[in-house]
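Got your viewer open and a cup of coffee at hand? Let's walk through this chain stop by stop, selecting residues as we go.

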Amino acid sequence: MIRFYSAAFVEHGQLHSIHQDVHMTAEEATNLLDKRTIIYGDNYGFVPVAFDLAANGQEED
């Protein structure tokens with residue numbers, strides 16, 4: 001599982017970053033970031049700027 005993060009933004013004085021969990025490998029995630037691909041969440045889409053391999057505590061091969 002990969003957790004993608006949007007760029008941080010401020011709303012009503014609070015710092016926010018949208019995230020979305022996606023099943024893919026680290027290599028696929030890196031390629032996705034390089035292409036500036038839009039990730040679609042429940043009610044939004046965003047271009048991810050970072051991802052976290054440890055969203056579920058283990059990396060997929």
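**Stop 1: the whole chain**

Before you select anything, keep in mind that this is a predicted model. Show the chain as a cartoon and you should find one helix and seven strands. Starting from the N terminus, the order of elements is β-β-β-β-α-β-β-β. The chain has 61 residues, and 23% of them count as buried. If you switch on a surface, its accessible area comes to about 4,300 Å², with 49% belonging to carbon and sulfur atoms. As for contacts with a sequence separation of 6 or more, 45% are between residues 24 or more positions apart.

**Stop 2: the nonpolar core**

Now select Ile 2, Phe 4, Met 24, Ala 29, Leu 32, Leu 33, Ile 39 and Phe 46, and show their side chains. These eight residues form the largest nonpolar core. Which elements give two or more residues to this core? They are strand S1, residues 2–5, and helix H1, residues 26–34. H1 supplies the largest share, with three residues. In soluble globular proteins, nonpolar side chains tend to be buried together.

Stay with Leu 32 for a moment and display what surrounds this side chain. Beyond the neighbours within four places in sequence, Leu 32 is in contact with Phe 4, Met 24, Thr 37, Ile 39 and Pro 48.

**Stop 3: Pro 48**

That last partner deserves its own selection. Pro 48 sits in the loop between strand S6 (45–46) and strand S7 (50–52). Is this proline buried or exposed? Pro 48 counts as buried because its relative accessibility is 1%, and the cut-off for buried is under 20%. Setting aside neighbours within four places in sequence, its contacts are Phe 4, Tyr 5, Leu 32, Leu 33, Arg 36, Thr 37 and Ile 39. Next, draw a C-alpha to C-alpha distance from Pro 48 to Arg 3: the two are 9.6 Å apart in space and 45 residues apart in sequence.

**Stop 4: the salt bridge**

You have just clicked on Arg 3, so keep it selected and add Asp 21. Their side chains meet in a salt bridge, with 2.6 Å from N to O. The pair links distant parts of the chain: Arg 3 lies in strand S1 and Asp 21 in strand S4 (residues 19–22), 18 residues apart. How many salt bridges does a search of the whole structure find? It finds one. Both ends of the pair are partly exposed, Asp 21 with a relative accessible area of 30% and Arg 3 with 23%.

**Stop 5: an aromatic pair**

Clear the selection and pick Tyr 44 and Phe 46. The count of aromatic pairs comes to two, and this is one of them. The ring centres of Tyr 44 and Phe 46 are 5.9 Å apart and the planes stand at 35°, so the pair is tilted. Check the surroundings of each ring: Tyr 44 is partly exposed, at 30% relative accessible area, whereas Phe 46 is buried, at 7%. You have met Phe 46 already, as a member of the core.

**Stop 6: Ser 6**

Phe 46 also leads you to Ser 6, which touches it. Look for Ser 6 in the loop between S1 and strand S2 (9–11). This serine is buried, with a relative accessible area of 8%. Apart from residues up to four places away in sequence, Ser 6 touches Ser 17, Ile 18, Phe 46, Val 47 and Val 49.

**Stop 7: a nonpolar patch outside**

Go back to the surface view and colour Ile 38, Tyr 40 and Val 47. Together they form a nonpolar patch on the surface, with about 300 Å² of accessible area. Ile 38 belongs to the loop between H1 and strand S5 (39–40), and is partly exposed at 41% relative accessible area.

**Stop 8: two backbone oddities**

Finish with the backbone. Which residue in the loop between S2 and strand S3 (14–16) should you click? Choose His 12, which has a positive phi of about 55° although it is not a glycine. His 12 is exposed, with a relative accessible area of 77%. Then move to Arg 36, in the loop between H1 and S5. Its phi is near 55°, again a positive value in a residue other than glycine. Arg 36 is also among the contacts of Pro 48, so you can show both together and revisit Stop 3.

Note on methods: Residues numbered from 1 in each chain as written. Predicted model: local features only at pLDDT ≥ 70, side-chain atom pairs only at ≥ 80, totals over all residues. Heavy atoms only, no water. Core = buried A, V, L, I, M, F, W, Y, C linked by side-chain atoms within 4.5 Å. Buried < 20%, exposed > 50% of the residue type's maximum accessible area, 1.4 Å probe, protein only. Helix = DSSP H or I, 4+ residues; strand = E, 2+ residues; numbered from the N terminus. Contact = heavy atoms within 4.5 Å. Salt bridge = Lys/Arg side-chain N within 4 Å of Asp/Glu carboxyl O. Phe/Tyr/Trp six-rings, centres within 6.5 Å; stacked < 30°, edge-to-face > 60°. Patch = residues over 30% accessible without salt bridge, like charges linked within 9 Å, V, L, I, M, F, W, Y side chains within 5 Å. Areas by Shrake-Rupley, 256 points an atom, 1.4 Å probe, with all protein chains shown as cover.
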